[in-house]
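Student: I'd like a close look at one part of this model, with enough of its surroundings to place it. Could you walk me through it?

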Amino acid sequence: MDVIRKTAGISPQKKQVNEKDLVHRAKAGDPEAFTALYDAYLSHVYRYVFFRVADDQTAEDITSQVFLRAWEHLKRYRQDGSFLAWLYTIARNAVIDHYRTRKEVVPLNDALPLPVEGPTLQERVELKVETEHVRRAMLRLTSDQKEVLSLKFMAGFSTEEIARHLGKREGAVRALQMRALRALAKELKLEVG
Amino acid sequence: MMQMDESEINEDQLALVLDECLSAILSENASLDDCLARYPYHAEQLKLLLVAASKINRHKTLEPTQAFRNQARHELMKYISSHEYKSVPVYRFALILASLVIGFLTTGTALAQGALPGDRLYEWKLASERAWRWTATDHVSVDIKLAERRSREVLAVSGDPERSLRAHQEYQYAEMVLISEIVPENKARITSVIQTQRESLEKSGITLTPVDEITPLQPEPVETPAGPSELRMPSQIPSSIPFVTVVATPDLMPTAMSAVPALTEPAVLPPVVSTPNK
């Protein structure tokens with residue numbers, strides 16, 4: 001169980017085996033196996049959602065919802081694809097549902113918690129400000145652009161994986177990725193000297 | 001036009017080069033300068049895009065707070081315990097299948113009730129009536145209703161010789177079953193029903209031989225319900241059974257008479273299979 005928690009130092013094959021085993025046990029109704037999956041993938045889902053919503057409270061709410069929905073619909077998950085990719089699909093739908101049912105624009109939360117990393121308080125504060133800045137810029141991108149950037153940078157998907165996940169051609173994903181970064185650069189008011 | 005093609009090609013090339021650079025940065029830990037040096041032709045455009053990418057990539061290690069992690073885990077556990085996961089929903093599958101079968105049978109049976117002799121659903125209608133009779137406690141009442149249905153069917157298909165033949169056979173059969181159930185207690189009731197039906201048919205141009213003699217059956221010593229696929233038949237056939245006879249009138253069933261000779265004159269009933277009491 002611990003093996004999947006620390007995925008950084010293990011081979012993808014071993015990770016796959018453990019994920020498969022955990023998913024298999026979770027599908028058989030083992031809550032411990034499912035919470036192990038939760039521990040392993042909570043951060044991934046949170047990061048994916050984080051830059052697609054206006055404040056961290058919403059990001060947390062949606063992240064929680066993703067795992068509740070995953071448990072509820074676990075029997076529908078077919079083990080031919082990655083479990084994390086399935087969670088991203090649920091997360092994407094949850095974000096869409098959030099914007100569809102939202103009655104008013106949620107103001108950006110200035111009380112964003114400080115990032116955990118960063119050796120000094122000043123660095124942490126700077127990172128927090130930049131996080132907020134990037135988030136505001138990301139929110140102005142189109143849904144497709146946000147999606148492709150979240151999958152690329154937050155989920156760590158390759159272009160091929162993004163194409164498969166979104167049902168698009170790789171060429172289309174590359175073009176979308178370029179347009180998304182151009183739009184992000186514009187929103188961030190980046191200039192190259 | 002040529003310029004547009006060239007710019008499109010350049011865009012595709014730039015998208016490809018950008019993708020290769022991002023892969024190198026994300027998975028091979030290459031630096032921005034490495035990429036720019038590798039693709040000097042696209043360096044100027046690449047730089048802006050890669051700087052934008054680095055802004056978002058800086059947050060790839062973003063973590064939720066420990067407080068949220070703990071709270072969400074607690075809520076998940078609570079949810080799991082209150083929403084027990086059914087791993088193998090075989091029972092649900094069986095339930096759905098059973099519902100579908102019941103729905104199909106119910107719909108089919110309901111539709112079949114309007115079927116007439118010669119219709120596809122007519123056999124279904126008869127089968128459902130047998131099931132009805134099997135489950136009923138008062139067989140005589142059911143048989144009276146069935147005889148009424150048969151007489152209405154005779155009238156409904158009277159213009160179609162082929163279907164009339166079947167309708168008459170079924171009516172004859174229903175009447176015979178009724179007669180076989182006569183005992184002194186219900187003789188008046190059954191006789192009255194048969195008489196009424198016959199009058200109704202005769203008014204519509206279908207003449208039947210008179211019920212000149214109805215011999216009541218002796219009550220059977222042991223009452224055993226018959227199975228759904230078989231009617232409880234008399235163990236003793238009345239000595240004289242009235243026959244349904246169709247009088248060939250020119251305007252009614254002109255061809256029926258040639259097609260159905262057995263009905264133009266008193267015909268011998270089809271052999272009755274008696275079901276021995278168990």
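Student: To begin with, where in chain A is confidence lowest, and where is it highest? After that, please take me closely through helix α4 (residues 66-82) of chain B.

Tutor: Happy to. This is a predicted model, and in chain A the confidence is lowest in helix α1 (residues 2-5), with a mean pLDDT of 40. The highest value belongs to helix α9 (residues 170-187) of chain A, at 95. Residues 1-11 of chain A have a pLDDT below 50, and this stretch makes 15 contacts in the model beyond near neighbours in sequence. A second stretch of chain A, residues 104-112, is also below 50, with 19 such contacts. Where pLDDT is low, the predicted coordinates should not be read in detail. For chain A as a whole, the average pLDDT is 82, and 81% of the residues score at least 70.

Now to your helix. Helix α4 (residues 66-82) of chain B has 17 residues. From its first C-alpha to its last it reaches 24 Å, close to the 24 Å expected at 1.5 Å a residue. Its buried residues are B:Phe68, B:Arg69, B:Ala72, B:Leu76, B:Tyr79 and B:Ile80. These residues are on the same side of α4(B) because they cover an arc of only 95° around the axis. The spacing follows a general rule: an α-helix has 3.6 residues a turn, so residues three or four places apart point the same way. The other side of α4(B) carries the exposed residues B:Ala67, B:His74, B:Lys78, B:Ser81 and B:Ser82.

What lies over the buried side? The cover on the buried residues of α4(B) includes α3 (31-50) and α4 (56-72) of chain A, and that brings us to the partner chain. Chain A has nine helices and zero strands. Of its 193 residues, 49% are buried. Among contacts in chain A between residues at least 6 apart in sequence, 62% join residues at least 24 apart. Chain A exposes about 9,500 Å², and carbon and sulfur atoms supply 49% of that area.

Helix α3 of chain A, part of that cover, also matters for the packing inside. The largest nonpolar core has 84 residues, and the members touching the most others are A:Phe34, A:Phe83, A:Leu87, A:Leu149, A:Leu181 and A:Leu184. The largest share of this core, 13 residues, comes from α3(A). Leaving aside neighbours within four places in sequence, A:Leu184 is in contact with A:Ala137, A:Met138, A:Leu141 and A:Leu149, and also with B:Ala52 and B:Ile56 from chain B. Apart from this core lies another, of ten residues, including B:Ile144, B:Ala147, B:Leu178 and B:Ile190.

Two more residues of chain A round off the surroundings. A:Gln145 sits in helix α7 (residues 143-154) of chain A and is buried, with a relative accessible area of 11%. Not counting residues up to four places away in sequence, A:Gln145 touches A:Leu176, A:Arg179, A:Ala180 and A:Ala183. A:Thr89, in helix α5 (residues 83-101) of chain A, is partly exposed, with a relative accessible area of 26%. The C-alpha atoms of A:Thr89 and A:His165 are separated by 8.2 Å, with the two positions 76 residues apart along the chain.

Notes: Residues are numbered from 1 along each chain as its sequence is written. Chains are lettered from A and ligands numbered from 1 in the order in which they are written. This is a predicted model: local features need pLDDT of at least 70, side-chain atom pairs count only at pLDDT 80 or more; totals for chains, interfaces and linings use all residues. Side-chain values use heavy atoms; hydrogens and water are left out. pLDDT is the predictor's confidence in each residue, from 0 to 100. Helices (H or I, at least four residues) and strands (E, at least two) are DSSP runs, numbered from the N terminus. Contact means heavy atoms within 4.5 Å. The expected span of a helix is 1.5 Å times one less than its number of residues. Buried means under 20% relative accessible area, exposed over 50%, partly exposed in between (1.4 Å probe, protein chains only). The arc is that of the directions from the helix axis to the C-beta atoms. Accessible areas come from the Shrake-Rupley method with a 1.4 Å probe; for residues, only the protein chains shown count as cover. A nonpolar core is a set of buried Ala, Val, Leu, Ile, Met, Phe, Trp, Tyr and Cys residues joined through side-chain atoms within 4.5 Å.
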